[in-house]
Protein chains: 2
Amino acid sequence: MNKPCNAEMMLENQLCFSIYSLSNAMTRAYRPILEAIDLTYLQYIVMMVLWQEQQVNVKVLGERLHLDSGTLTPLLKRLDSKGLIMRRRCEMDERVRLISLTDEGKQLQTEASKVPSQMRCHVDLDMQEVEGLKLKVDKLLMLLLDSKA
Amino acid sequence: MNKPCNAEMMLENQLCFSIYSLSNAMTRAYRPILEAIDLTYLQYIVMMVLWQEQQVNVKVLGERLHLDSGTLTPLLKRLDSKGLIMRRRCEMDERVRLISLTDEGKQLQTEASKVPSQMRCHVDLDMQEVEGLKLKVDKLLMLLLDSKA
DNA sequence: ATCAAATTAATTGCGCACAACCCTATTGCA
DNA sequence: TGCAATAGGGTTGTGCGCAATTAATTTGAT
């Protein structure tokens, strides 16, 4: 009566489930550390872009993070209400939102710069192993992103 | 005036962001395929456990998937309202919910068995590469899950 | 100059994730 | 036997992700 349980239908054999679980586990690991600077993981990621870029619009931000405005708009409003960013309109093109840091947002970078070392402290990774993993992950990511275009 | 932008604070250098983006990209890739059997990715994952196990409680399901009741309870209610599963109480211990498949839920396995090959069709992966990646991902996942206990 | 097409964000609605909390049933020990 | 501690799930609230739709603006072709 039971269907044959072929190997590829076993949960344990699915790369996708491993990636999914690891992604959840990593944001869980970041949570207590980021709590100290009152940011979620995605908010931290957005702030990292702004610490690099000074000023971006929603479209560019979405391209860098592979996320759309339905995710970013409410998140940016939350960062705004925390006083970390400003959301002005572009004068040349009124459709465009220009996102930039407030002084408070800039100052947060000092606190945030401690986060990576705190994470390493918690997990203790082999840096060479990490680099190898990242290369493989990025390769697969590129494949998936390209197959959409 | 600008803060020094040390390498570890560059978004592109963060393994975590790569994993996070890949996880999003993969569930995006599954979406159109799973649409045909009216399941989300997580619902598909839960069904896979049930196709293997016949019967589980919420606790065991949560342990297999690394998820808690706050995520699973509403999801199981949705699968119930689709007529794919039953949610009975255990007679021995009234606290326990026993999750099992309906006939409809069992029959869905036939349709679902086509999903893995459809995914491979879309992406075209080197199977040896995938296996190597999965090993590394699982290793890191184990590290993170253990560090909580 | 006009108006259709394209671009950029915002909004809405649904389904996760998870923390924090609550309730109930069971267990274990004094 | 009584009752505190524990275990199993459910509820609520917040914050993502993303599809689908809408609104406002700009561009571009006639």
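A polar contact is a pair of N or O atoms within 3.5 Å. In the predicted model described here, a polar side-chain atom of Lys77(B) lies 2.6 Å from a phosphate oxygen of DNA strand D, and this pair therefore falls under the definition. The surface near DNA strand D draws two or more residues from each of several helices: H2 (41-53) and H4 (69-81) in chain A, and H1 (15-35), H3 (58-65) and H4 (69-81) in chain B.

Around DNA strand D there are 29 residues, of which Tyr20(B), Arg28(B), Lys59(B), Lys77(B) and Arg97(B) come nearest. By class, this surface has 12 charged, 10 polar and seven nonpolar residues. Of the strand D atoms within 4 Å of the protein, 74% belong to sugar or phosphate, and the rest belong to bases. Chain A also approaches the phosphate part of strand D, where a backbone N or O atom of Met92(A) is 3.4 Å from a phosphate oxygen. A base is reached from chain B: an N or O atom in the side chain of Ser69(B) is 3.0 Å from a base nitrogen of DNA strand D.

DNA strand C is likewise surrounded by 29 residues, and the closest are Tyr20(A), Arg28(A), Lys77(A), Arg95(A) and Arg97(A). Of the atoms of strand C that come within 4 Å of the protein, 73% are accounted for by sugar and phosphate. The side chain of Arg97(A) has an N or O atom 2.3 Å from a phosphate oxygen of DNA strand C. For the side chain of Arg78(B), the corresponding distance to a phosphate oxygen of strand C is 3.0 Å. Met92(B) contributes a backbone N or O atom, 3.4 Å from a phosphate oxygen of strand C. At least two residues of the surface near strand C come from each of H1, H3 and H4 of chain A and from each of H2 (41-53) and H4 of chain B. This surface divides into 12 charged, 10 polar and seven nonpolar residues.

The two protein chains also meet each other. In chain A, 66 residues are in contact with 65 residues of chain B. The chains bury about 6300 Å² between them, with 67% of it on carbon and sulfur atoms. Two salt bridges are found across this interface, including one between the side chains of Lys139(A) and Glu129(B), at 3.5 Å from N to O. Six residue pairs are in polar contact across the interface, both residues being at pLDDT 80 or more. The side of chain A that touches chain B has 36 nonpolar, 16 polar and 14 charged residues.

Terms used
Residues numbered from 1 in each chain as written. Chains lettered and ligands numbered in written order. Predicted model: local features only at pLDDT ≥ 70, side-chain atom pairs only at ≥ 80, totals over all residues. Heavy atoms only, no water. Near = heavy atom within 4 Å. Polar contact = N/O pair within 3.5 Å; in protein donor to acceptor, adjacent residues only side chain to side chain. Helix = DSSP H or I, 4+ residues; strand = E, 2+ residues; numbered from the N terminus. Nonpolar A, V, L, I, M, F, W, Y, C, P; charged D, E, K, R; others polar. Contact = heavy atoms within 4.5 Å. Buried area = accessible area lost by both parts, 1.4 Å probe. Salt bridge = Lys/Arg side-chain N within 4 Å of Asp/Glu carboxyl O.
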